[in-house]
Amino acid sequence: MPQLLEALGDPGRDLRGMTVVGTNGKGSTCAFAVSALAAAGMHIGSMPSPHLQHVTERIRINGEPVSSLACHRAFAKVDDALRSTGLVVNAGGVHAAAAAVHFALSGVDLAVMEASIGGQRTAVNCFDPGVKVITGVGLDHQHLLGSTLGEIARNKAGIVRDGDHVVLGEFPAEAAKAVDEVLHQHTELTVWRLHREIRCRPRTARDGHTVLEVSTPHAVHRELPCPLRGEHQHHNLALAVAGIDALAERGLVCDISDEALRCGLAATRWPGRLELLAPARLGSWTGRLLLDIAANHQAAAIVAPEILKQSRAAEHTAIVFGTLGYKNVATMLEPLPADWPVVLTRVGHPNEAAPDAMRTALASHRELHVREETADAVHHATELVGDGGLVTVLGTPLLVGRVRELFQLPPG
């Protein structure tokens with residue numbers, strides 16, 4: 001990756017901003033930060049990973065995917081560099097390099113970079129933006145990151161360099177200890193931790209909506225809206241705001257007015273994260289559709305309360321589920337009611353979990369149905385719940401993207 005960037009003229013040399021790593025919550029944290037910084041009048045590049053529907057989603061300016069032409073030009077430049085040098089770089093590196101190429105051409109003020117998997121070995125670790133956010137740690141991608149929370153945490157914390165401003169989310173004890181061990185190996189760090197230097201206090205406003213007060217050593221921000229569903233998003237928002245305050249502490253941004261901060265946060269949109277369509281229509285069916293890329297047990301447990309809340313508005317609920325072959329299928333649906341029928345399907349990835357294999361893993365626990373194609377799976381789920389019912393789609397981003405296309409939702 002460093003050689004590829006060198007061959008491209010080192011487009012990430014001057015990138016400043018924040019890098020966000022963690023098992024869950026990275027994309028939402030980045031989305032909050034980008035929306036708030038853009039509302040303050042800045043030109044912000046971001047590189048979410050992975051995409052839901054189209055590769056253009058991986059290169060964004062002020063939260064909006066770039067055009068197909070701009071995306072093609074960036075990737076073509078990376079492809080030319082790979083061909084001329086003979087280098088071999090994984091997909092995450094190619095995507096990050098293409099984003100850096102476009103950011104250099106666009107002259108972004110700052111970049112908000114989401115790590116794909118891990119931290120120390122993630123492609124975006126080739127950039128040095130100055131602020132590092134670690135949202136949290138759970139068991140996922142163990143075949144790449146380690147089999148314990150401590151091993152995974154050390155890998156995630158490998159993103160940190162001497163002199164960084166580090167923003168930390170909430171961690172299990174084993175992971176917190178491992179992160180501290182890594183941080184103690186570095187010098188001149190500024191470290192802010194959620195529930196210590198960073199405080200997030202929700203309250204119900206007069207209109208019935210929840211607003212947040214987020215305080216950091218830099219500032220106190222009041223009456224902040226959180227438009228993304230689920231209480232877990234309060235912490236993601238707080239980490240985003242703390243990341244912005246860290247940028248201000250380092251002199252990379254001027255202080256953002258509370259009005260601009262509120263407007264930016266209120267405008268945050270992040271498809272596929274407890275995304276609700278009500279009403280949703282498919283053929284002759286009308287009901288409710290809830291989409292979430294709960295890609296591991298921890299993520300499913302986090303979003304389960306909101307899914308249960310949405311299910312109360314429907315007489316019947318069914319799940320459409322698909323994931324990758326190395327995931328622990330047996331535990332991923334544990335947080336959700338066992339009497340909800342599950343339709344198992346493919347997700348369109350070379351490493352997908354075969355529906356029959358998932359059925360074997362889940363056979364003793366649930367009413368299971370198999371439909372090989374995504375569209376057939378969703379149609380079958382609508383038949384199971386009937387009009388007015390709730391179809392909940394969980395699993396890989398690829399599955400959620402396929403369902404968004406089925407319902408003709410634009411990439412976002």
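## Close-up views of a predicted model

**View 1. Strands β15 and β16 run parallel.** Strand β15, residues 342-344, pairs with β16 in the parallel sense, over three bridges. Val343 has His369 in β16 as its bridge partner. The model shown here and in every other view is predicted.

**View 2. β15 and β16 belong to an open sheet of six strands.** The strand order is β12-β13-β17-β14-β15-β16, and the pairing is mixed. Strands β12 (275-282) and β16 (368-370) form the edges. Each of these two pairs on one side only. From one strand to the next, the twist averages 25°.

**View 3. Helices α10 and α13 pack on the six-stranded sheet.** Helix α10 covers residues 297-311. It touches β12, β13 (285-292), β14 (317-322) and β17 (390-395). The direction of α10 makes about 165° with that of β17. Helix α13 covers residues 374-385. Its contacts are with β12, β13, β14, β15, β16 and β17. Here the reference strand is β14: the direction of α13 makes about 165° with that of β14.

**View 4. The second largest pocket has a volume of about 580 Å³.** Its lining holds 21 residues. Closest to the pocket centre are Arg229, Gly230, Glu231, His234 and Glu306. Three elements, β10, α8 (232-249) and α10, each give two or more residues to this lining. Which element gives the largest share? Helix α10 does, with seven residues. By class, the lining of this pocket divides into 11 nonpolar, six polar and four charged residues.

**View 5. Strands β9 and β10 form a hairpin.** Strand β9 spans residues 199-204, and β10 spans residues 210-215. They pair in the antiparallel sense over six bridges. Arg203 stands opposite Val211 in β10. Five residues lie between the strands of the hairpin. In this hairpin, Gly208 takes a positive phi near 95°. Strand β10 also appears in View 4, where it gives two or more residues to the pocket lining.

**View 6. Eight strands form another open sheet.** Its order is β4-β3-β2-β5-β1-β6-β7-β8, with mixed pairing. The edge strands are β4 (64-65) and β8 (190-193), each pairing on one side only. At the β4 edge, strand β3 (residues 60-61) joins β4 through two bridges. These two strands run antiparallel. Arg60 stands opposite Pro65 in β4. Helix α4 packs on this sheet and touches β2 (44-47), β3 and β5 (110-114). The direction of α4 makes about 170° with that of β2.

**View 7. The largest cavity holds about 100 Å³ of space.** A search of the whole structure finds two cavities of 30 Å³ or more. The largest is lined by 13 residues. Which of them lie closest to its centre? They are Ser49, Gly92, His95, Ala96 and Glu114. Helix α4 (residues 91-106) gives the largest share of the lining, three residues. The lining has six nonpolar, five polar and two charged residues.

**View 8. The second largest cavity holds about 60 Å³ of space.** Its lining includes Pro48, Pro50, His51, Leu52, Glu57 and Arg58. Arg60, which stands opposite Pro65 in View 6, also lines this cavity. Trp270, Pro271, Arg273 and Gly412 are in the lining too. By class, the lining has five nonpolar, two polar and four charged residues.

Technical notes:
Residues are numbered from 1 along each chain as its sequence is written. This is a predicted model: local features need pLDDT of at least 70, side-chain atom pairs count only at pLDDT 80 or more; totals for chains, interfaces and linings use all residues. Side-chain values use heavy atoms; hydrogens and water are left out. Two strands pair if DSSP finds at least two bridges between them. Axes are lines fitted to C-alpha atoms, for helices over the stretch in contact, and angles run from 0 to 180 degrees between N-to-C directions. Contact means heavy atoms within 4.5 Å. On a 1 Å grid over the protein atoms alone, a cavity is a set of points where a 1.4 Å probe fits but cannot get out, and a pocket is an open set with protein on both sides within 12 Å along at least five of seven lines; lining residues have an atom within 4 Å of a point. Grid points are joined across faces, edges and corners, and a volume is the space filled by probe spheres set on the points. Ala, Val, Leu, Ile, Met, Phe, Trp, Tyr, Cys and Pro count as nonpolar, Asp, Glu, Lys and Arg as charged, and the others, Gly among them, as polar.
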